[in-house]
Amino acid sequence: MESIHYIGLDVHKKTIAFCIKTLSGKSVRQGVVNAERNALRHWLAELSCPWMGAMEATLFTGWIYDFLKPHAVELKVAHPEMLKAITAAKKKNDRADAEKLADLLRVNLLPECHMMSEELRDGAFFAIGTWWFARQCR
């Protein structure tokens, strides 16, 4: 039987820190990949097992979620405020954040938020942008 890997993704504008773990919590691999479609395509090709992923909701999560979703068994987005309350720690860095996301996903304690469809997200960003622009023109 093929095992599943649990991947925590700490998403930023230019890079994504990742941590891959087994169900037992053994760390398989950690690293950083550029937040570009081509770099993610190469990274996906290196994954050897089916995987579930988790990432925190950020401004940059949308396109990454849409790109990775077809390749994952399941891809979840974590609620940033609830995640902050759970993982409050003195040692805060991208690698540690990715590891915490993988662990929360692995033990089914990830505080999920709903990810709107791409069409709805595009419409919402357009509406917010229009509102912001209208306020600036007053």
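**Group meeting: a walk from D97 through the chain**

Okay, let's start with one residue: D97 is found in helix α4. Before I go on, please keep in mind that this is a predicted model.

So, buried or exposed, where does D97 fall? The cut-off for buried is under 20% relative accessible area, and D97 comes in at 14%, so it counts as buried. Leaving aside residues up to four places away in sequence, D97 touches D10 and K92. Put D97 and D10 up together if you have the model open, because you'll want to look at that acid pair for yourselves.

Now the helix around it. What should the 13 residues of α4 span, at 1.5 Å a residue? For residues 94-106 the expected figure is 18 Å, and the end C-alpha atoms are in fact 18 Å apart, so the two agree. D97 has buried company in α4: A96, A98, L101, A102, L104, L105 and R106 are buried as well. Yes, that list does include an arginine, R106.

Both ends of α4 have something to show. At the N-terminal end the cap is N93, with a side-chain oxygen 3.1 Å from the backbone nitrogen of R95. Past the other end, just after α4, you run into N108, which takes a positive phi of about 60°. Why flag that? Most residues other than glycine have a negative phi. N108 is not a glycine, and its phi is still positive. N108 sits in the loop between α4 and α5, the latter being residues 118-136. With 60% relative accessibility, N108 counts as exposed.

Stay in that loop for a moment, since P111 lies there too. P111 is a contrast to N108: its relative accessible area is 8%, so P111 is buried. What is the C-alpha to C-alpha distance between P111 and E56? They are 55 residues apart in sequence, but in space the distance is 9.5 Å.

Let's zoom out. The chain has five helices and five strands. Reading from the N terminus, you get β-β-β-α-β-α-β-α-α-α. Of the 138 residues, 37% are buried. And if you take contacts between residues at least 6 apart in sequence, 52% of them join residues at least 24 apart.

On to the sheet. In what order do the five strands sit? It's an open sheet, β3-β2-β1-β4-β5, and the pairing is mixed. β3, residues 27-34, and β5 are the edge strands, each pairing on one side only. From one strand to the next, the twist averages 20°.

Two helices pack on this sheet. Helix α1, residues 37-46, touches β1, β2, β3 and β4, and its direction makes about 165° with that of β3. Helix α2 also packs on the sheet, touching β1, β2, β4 and β5, at about 175° to the direction of β4. α2 is mostly covered, with six of its eight residues buried. Those are T61, G62, I64, Y65, F67 and L68.

Here's the antiparallel part of the sheet. β2 and β3 run antiparallel and are joined by seven bridges. One pair to find on screen: C19 has Q30 in β3 as its bridge partner. This hairpin has five residues between the strands, and G25 there takes a positive phi near 100°.

Then the parallel part. How many bridges link β4 and β5? Five, and the pairing is parallel, with β4 covering residues 51-56. To get from β4 to β5 the chain goes through helix α2, residues 61-68, and this β-α-β crossover is right-handed. If you want to trace the register, M52 stands opposite E74 in β5, and E56 stands opposite A78. Although β5 is an edge strand, four of its five residues, within 74-78, are buried.

And E56 takes us back to where we were: that's the residue 9.5 Å from P111, C-alpha to C-alpha. So that's the tour. Happy to take questions.

Note on methods:
Residues are numbered from 1 along each chain as its sequence is written. This is a predicted model: local features need pLDDT of at least 70, side-chain atom pairs count only at pLDDT 80 or more; totals for chains, interfaces and linings use all residues. Side-chain values use heavy atoms; hydrogens and water are left out. The expected span of a helix is 1.5 Å times one less than its number of residues. Buried means under 20% relative accessible area, exposed over 50%, partly exposed in between (1.4 Å probe, protein chains only). A polar contact is a pair of N or O atoms within 3.5 Å; within protein, one must be able to donate a hydrogen and the other to accept it, and residues adjacent in sequence count only if both atoms are side-chain atoms. Two strands pair if DSSP finds at least two bridges between them. A crossover is right-handed if, with the strands pointing away from the viewer, the path from the first strand over the helix to the second runs clockwise. Axes are lines fitted to C-alpha atoms, for helices over the stretch in contact, and angles run from 0 to 180 degrees between N-to-C directions. Contact means heavy atoms within 4.5 Å.
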